[in-house]
Amino acid sequence: MRSACFRCWPRCDDLLQRIMVRSSPWPERRRQLAMTTDQPYVAVVGSGPAGFYATQQIIKKAPGCRVDLFEQLPVPFGLVRFGVAPDHPEVKNVTTTFCQTASSPAVRLLADVTVGRHVTVSELRRAYDAVVLAYGADDDRPLGIPGEQLTNVASARHLVGWYNGLPGCRSPVDLAAEHVVIVGMGNVALDVLRLLTASVDALAGTDITESALAALAESRVRHVTVVGRRGPLQAAFTIKELREQIHLVGTSAIWDGYPFHQLEPLLPDLPRPRRRLTELMVKSARSPRAAERRTWTLKFLRSPLEALGTDAVDQLRVGVNAMDGDHVVGTNQTELIPCQMLLRSIGYKGRQIDPALPFDAARGVIPNTDGRVHGAPGLYVTGWIGTGPVGVILNTMSSSFAVGKLVADDLAAGKQCDRVMHPDELVQIIRERGARPVGFPDWLRLDQAEEERGRRVGKPREKVVSVDEMRRIIWG
Ligand code: FAD
Ligand code: NAP
């Protein structure tokens, strides 16, 4: 791993020089350094749930430890702000705990600093005793089918980012489509289904962006088909989300095409959560509601093969599947599903932010064992960049607490990075490279401004969606 770190050195001459000055030929300088930095310092990269929960645990289990929390955007909280649906405000209450952590004197938020751009992971390892990578999974997985480049084929991730005010997803979403197809049957697909079919009145008092609300008010969407490649017993969404959709005012399900009654004999032997979810589908299919203004369908056993259309998509060709146990097998049959918008919702994907780090490009994760990055003492990974893009905040919390404890235990046992400079010196270098780190009190200025804007329109907050405007408000 050490040789891997050295590979990126030529890209950062200034740091190289500073590190060389502080290396072994200068024993006195090293002694001074040790004296000024006897408490351990940890860098955490990413201020989503994984970053905050790991930080919380580190400062609890390693008293005296200081944590610097790096975040690429000027605002903290990751998918709690930019992923969780606006009509699920109760989920966002986790930020209360995150704010307590960020307010601790042991923690320093350094937002608006991109690791991989303003500073490398290898550099962090030269200034901190431990580095925890918690930077999530912010790419999306393509379908890899012909026609995916057609107009109105997009990722659910983009739509989610758009209605949640993610700066990179500001380009408007065209909701002139009457029929939308969503590929993938996870909770993200159900979030998007709900947002596309809910009435604007139900969303008006949430923190959805005003521009998304205005576009949804003009939406022509009448029907949404959610396509899953496997059957109801393998659906990835959970009961709470399906129940919410089934009861959504002004919408009704069309339960066609799947013989739900055939599932009834299997119900007693299913594990409880799966049984309850399947019972809900069977029961709803048996007594469908009268057609409402907007309708939706769950289409099982269909794999996307090709998006068709001249400029814009107008049909999705799917292959009809059968199940062999939990595995899907193709048949020779295909079908066409008309649609004027096609959204892929088949999972997010992690990115590599430092070529010197090991990376599993196929899975989009940093390979690790229980959070330890292989062959790199003092380097850890937690959250979606370590586990892959699965799990709710509670799962992320458990794994990040475990990694936080691991970091504290390793620090106590003297297993750490070879630190040769003080974190403040590195932060100074980061500033010299053009970043202006946003601290927690700085973010609170934007937070208050957003809440104030929200109050004026009857919302908990009106998010600022442009990074430039965020900076203007933060720095005055
Ligand atoms: P993230 O939340 O993505 O945080 C990663 C952070 O790292 C981000 O702030 C990002 O900006 C930052 N970052 C990225 N790259 C860099 C870099 N190079 N330098 C510095 N910082 C960087 N769970 C629930 O329990 N309830 C829900 O209702 C719910 N809804 C969801 C809705 C959607 C659309 C999605 C996708 C997920 C949802 N989840 C929900 C799951 C939950 O969001 C995840 O479990 C959790 O956010 C994963 O945490 P994380 O910290 O690993 O990643
Ligand atoms: P997910 O739960 O993993 O679902 C992905 C879906 O895409 C699955 O149905 C999967 O089918 C399908 N899929 C994958 N590759 C495919 C392909 N090539 N072709 C066709 N279909 C494909 O992912 P997600 O919906 O992005 O959610 C991520 C995590 O966030 C989950 O843990 C979720 O629970 C959580 N989340 C929670 C909430 C909430 O609590 N309200 C909201 C949103 C997200 P297979 O099963 O066949 O692979």
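**Group meeting: two helices and a loop**

Okay, let's start with lysine 283: at 55% relative accessibility it counts as exposed, because the cut-off for that is over 50%. Lysine 283 sits in helix H13. If you go looking for glutamine 352, 69 residues away from lysine 283 in sequence, you'll find its C-alpha 45 Å from that of the lysine.

Before I go on: this is a predicted model. The mean pLDDT of the protein is 92, with 92% of the residues at 70 or more. The stretch to be wary of is residues 1-35, where pLDDT stays under 50. For that stretch the model has 53 contacts beyond four places in sequence.

Back to H13, residues 272-286. How far apart should the ends of its 15 residues be? At 1.5 Å a residue you'd expect 21 Å, and the end C-alpha atoms are indeed 21 Å apart, so the two agree. Lysine 283 may be exposed, but H13 has a buried set too: Leu277, Thr278, Leu280, Met281, Val282, Ser284 and Ala285. Remember, an α-helix has 3.6 residues a turn, so residues three or four places apart point the same way. And what do the buried residues of H13 pack against? That would be helix H12 (239-246) and strand E10 (294-299).

Next up, helix H4, residues 49-61. With 13 residues, H4 reaches 18 Å from first C-alpha to last, close to the expected 18 Å. Its buried residues are Pro49, Ala50, Gly51, Phe52, Tyr53, Ala54, Thr55, Gln57 and Ile58.

H4 has a partner, helix H15 (393-412): the two axes come within 7 Å and cross at roughly 40°. The crossing is right-handed. On the H4 side, the contact involves Pro49, Ala50, Tyr53, Ala54, Gln56, Gln57, Ile58 and Lys61. From H15 you get, among them, Ile393, Met397, Phe401, Gly404 and Val407. Sorted by class, the H4–H15 contact has ten nonpolar residues, five polar and two charged.

Last stop, alanine 134, in the loop between strands E4 (130-133) and E5 (139-140). Buried or exposed? Alanine 134 counts as buried, because its relative accessibility is 6% and the limit is under 20%. Leaving out residues up to four places away in sequence, alanine 134 touches Val44, Val45, Gly46, Ala50, Gly51, Thr382 and Ile385. Ala50 and Gly51 there are also on the buried list of H4. Tyrosine 53 is 81 residues from alanine 134 along the chain, yet their C-alpha atoms are separated by 9.9 Å.

That's it from me, happy to take questions.

Methods
Residues are numbered from 1 along each chain as its sequence is written. Chains are lettered from A and ligands numbered from 1 in the order in which they are written. This is a predicted model: local features need pLDDT of at least 70, side-chain atom pairs count only at pLDDT 80 or more; totals for chains, interfaces and linings use all residues. Side-chain values use heavy atoms; hydrogens and water are left out. Helices (H or I, at least four residues) and strands (E, at least two) are DSSP runs, numbered from the N terminus. The expected span of a helix is 1.5 Å times one less than its number of residues. Buried means under 20% relative accessible area, exposed over 50%, partly exposed in between (1.4 Å probe, protein chains only). Axes are lines fitted to C-alpha atoms, for helices over the stretch in contact, and angles run from 0 to 180 degrees between N-to-C directions. A crossing is left-handed if the near helix is turned anticlockwise from the far one by less than a right angle, and right-handed if clockwise. Contact means heavy atoms within 4.5 Å. Ala, Val, Leu, Ile, Met, Phe, Trp, Tyr, Cys and Pro count as nonpolar, Asp, Glu, Lys and Arg as charged, and the others, Gly among them, as polar. pLDDT is the predictor's confidence in each residue, from 0 to 100.
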